Amino acid sequence: MEETREINGSGGEPRAGSVGFVGLGNMGSVLAGNLVGAGHTVVTHDALGAGRSPEGAVHVPEVAEVARSVGVLVLSLPDGAASEQVTREILAAPGRLVRYVVDTSTIGPAAARSVAGLLAEGGIGYVDAPVSGGVAGARARTLTVMYAGGGDACSAVEGVLAGLSERRRRVGDRPGMAQALKLANNFLSATALAATSEAVAFGLAAGLDMATMLDVLNESSGRSAATEDKFPAHVLTGRYAAGFANSLMEKDVRLYLRAVGEQDGPAAIGEVTAAVWERFARAEPGADFTRIFPFVDGSAAGS
């Protein structure tokens, strides 16, 4: 509690620039560090402890302590259940000062609307703000923050969003709209990575060189983020360290299919893509998502 009191201004008001951050995974720890680097006083919490809290931040052992220390609180959590659980802890915190929550998690439109409703009952504004660009993009401050919410809430957290990344785009005026765009983006990313894995496996079997294939594909109509980034940086090099787990990609594609189903939209390709990622996540739980290439290549070789 002593560390928390130090970051508060007089009269129980949060000091200008103080920001809370809950969830210090591969992405969250970097984003929290970006806020520190942007000059914010950052109070962090993570269920696994202080190990990944960035230098310059104050880590506290409970969500409630964060909620009592800051006016804006950022979430970076694995799923909607976690976002809802943390939301309830925020609302239950005695003496909470939080006025706005910025949720960078990928949780789907329905969960975003649910969390926004819970927070609204407690007088807290919610900005749905998932991110895309990976851990490397977060470190370079080039990842895209797509955000949606009411005008007052979005204006109030503008400085915090700017602290996260140089690239920001408001995509709607209601929570859940940014989630819809993020799911569409991740579905395309998942499909491109799986399809590129099959195409490269085919080319290698035909005697082509992977580097040559990627060079030509990136000058042709088959290029994508998979051919331009994921394959050159992680597959060709054998690094397989993009910092995003296959289980999270499988979850995102499943969320996409669920949201599409709620709208009775087309899902033929989505169902095939989801099946591939489900098999990969089941076979190699927690593997970096770029390892889908050896998984697909091995499956093809064994068929």
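Start by selecting methionine 210 in this predicted model, a residue that belongs to helix H10, which runs over residues 210-217. Methionine 210 counts as buried because its relative accessible area is 12%, under the 20% that sets the limit for that word. To see what surrounds methionine 210, leave aside its neighbours within four places in sequence and display the residues in contact with it, which are Val200, Leu204, Phe231, Val235, Leu236 and Phe293. If you then add leucine 75, 135 residues away along the chain, you will find its C-alpha atom separated from that of methionine 210 by 39 Å.

Next, select helix H12, residues 246-262. With 17 residues at 1.5 Å a residue, H12 should span 24 Å, and its end C-alpha atoms are indeed 24 Å apart, so the expected and the modelled values agree. Colour the buried residues of H12, among them Met249, Val253, Leu255, Tyr256 and Val260, and then bring in helix H5 (109-121), helix H9 (177-205) and helix H13 (268-283), which are included in what covers those buried residues. Just after H12, pause at aspartate 264, where phi is positive, at about 55°.

Finally, turn to the second largest pocket, which holds about 220 Å³ of space. Of the 14 residues that line this pocket, select Pro109, Gly176, Ala180, Ala259 and Gln263, the closest to its centre. Helices H5, H9 and H12 each supply at least two residues of the lining, and the lining as a whole divides into 9 nonpolar, 2 polar and 3 charged residues. Ala259, already selected here as one of the residues closest to the pocket centre, is also one of the buried residues of H12.

Technical notes:
Residues numbered from 1 in each chain as written. Predicted model: local features only at pLDDT ≥ 70, side-chain atom pairs only at ≥ 80, totals over all residues. Heavy atoms only, no water. Helix = DSSP H or I, 4+ residues; strand = E, 2+ residues; numbered from the N terminus. Expected span 1.5 Å × (residues − 1). Buried < 20%, exposed > 50% of the residue type's maximum accessible area, 1.4 Å probe, protein only. Contact = heavy atoms within 4.5 Å. 1 Å grid on protein atoms, 1.4 Å probe; cavity = no way out; pocket = protein on both sides within 12 Å on 5 of 7 lines; lining within 4 Å. Points joined across faces, edges and corners; volume = space filled by probe spheres on them. Nonpolar A, V, L, I, M, F, W, Y, C, P; charged D, E, K, R; others polar.
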